[in-house]
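Biologist: I have a model open and would like to go through some of its helices with you. Could you take my questions one at a time?

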Amino acid sequence: MSRQPRAYRLDDPNITAGAVQVTEEPFDAIEAADGVVVPMGTKRRAPWLGILLSALSGLLLLALGLAIENLIVDLYRVAPWLGWLALVFAVLAVLAFLAIIGREVSGIWREQKIESLREAAVDALAVKDHKAAKGIVQDLIGLYGSRAAAAQGSARLKGLTDEIIDADDRLAIAERELLAPLDMQAKRAIAGAAKQVSLVTAVSPRAIVDVAFVIFAAVRLLRTLARIYGGRPGFLGFLRLARAAFNHLAVTGGVAVGDSLMQQVLGLGLAARISAKLGEGVLNGLMTARFGLAALSVCRPLPFIREEAPKIGDVAGELISRAEAAASS
């Protein structure tokens, strides 16, 4: 027999002493689609695997360098100008490799900066740390101050430097001035991706085309959201963001079957009352929108404070309207 959930006060005298244990939540946390902070599990590290991959990568680089050196020497023996030409190509390859490494490091650094801002904001809001909130606002101005669209908001925030404002008020003002316009862009990008996925999967003749396009749309959407919020992920940074987005999606309930719009599609059987391909397109569009909301949460440098967190209805409500119109016709 299942028991209904109940709430208790820790100072309730009816609770036996020692029956309740309070443990600290993990430091790493991400925001759910409704703005609630969801504690993450402890990260598992595999140092020996990292050492193995690093050692093998070093050996491969040494072997490649030795092979290139032997090639240059052999070409120089055949004709000196061939040796010099090969040396120039090798130098250009090294420069391009260093540029790629620099881009990857810069992208990962910016992602970590955004993550650290979000974690610091959660901590500052929890303890009402005014000094920490002030530093977070300054970091946000540094992150977005160079954008023309954020110039006025940055100026207004700088004018609050000497004002006595609570931590949550200061961060809420920064959210309104700097992040609210970016949230609108992100919601438009998610809505566009969801509609595109819904349309393509509804008319595509084969399932492999559906899968390929859904993956392509998810990759493009994640990169778009990262750029909107100031991230410039390279390949490794993108993989890191994708893992965080999927972890967020898993923690917050997958496709959010409790959402009212998803209940309309699955619970009421709306997709079953119309053509199978149209129903599949609507469902794929909704899942793309749900992934977009998870990606928005991991790319946004602040949790949702006073701004309303976007829901599936905000970015994919048109899909439900389209399906309802098709079902009624």
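Biologist: Which residue follows α6, and what is the sign of its phi?

Modeller: Gly-230 follows α6, and its phi is positive, near 100°. This is a predicted model, in which local features need pLDDT of at least 70, side-chain atom pairs count only at pLDDT 80 or more, and totals for chains, interfaces and linings use all residues. Residues are numbered from 1 along each chain as its sequence is written, and side-chain values use heavy atoms, with hydrogens and water left out.

Biologist: Which residues of α6 are buried?

Modeller: Among them are Asp-210, Phe-213, Ala-217, Leu-221 and Ile-228, where buried means under 20% relative accessible area with a 1.4 Å probe, protein chains only.

Biologist: And Thr-288, is that buried or exposed?

Modeller: Thr-288, which is found in helix α10 (residues 276–299), counts as buried because its relative accessibility is 6%. Leaving aside neighbours within four places in sequence, Thr-288 is in contact (heavy atoms within 4.5 Å) with Ala-193, Ala-194, Val-197 and Leu-221.

Biologist: Changing topic, at what angle do the axes of α1 and α2 cross?

Modeller: The axes of α1 (residues 47–78) and α2 (residues 80–127) cross at roughly 155° and come within 5 Å, the axes being lines fitted to C-alpha atoms over the stretch in contact, with angles from 0 to 180 degrees between N-to-C directions. The two helices are therefore roughly antiparallel to each other, a term used for angles over 145 degrees.

Biologist: Which residues of α1 make that contact?

Modeller: On α1 they are Ile-68, Ile-72, Leu-75, Tyr-76 and Val-78, and they meet α2 residues including Pro-80, Trp-84 and Ala-90.

Definitions and conventions: Helix = DSSP H or I, 4+ residues; strand = E, 2+ residues; numbered from the N terminus. Parallel < 35°, antiparallel > 145°, perpendicular 65-115°, else oblique. Buried < 20%, exposed > 50% of the residue type's maximum accessible area, 1.4 Å probe, protein only.
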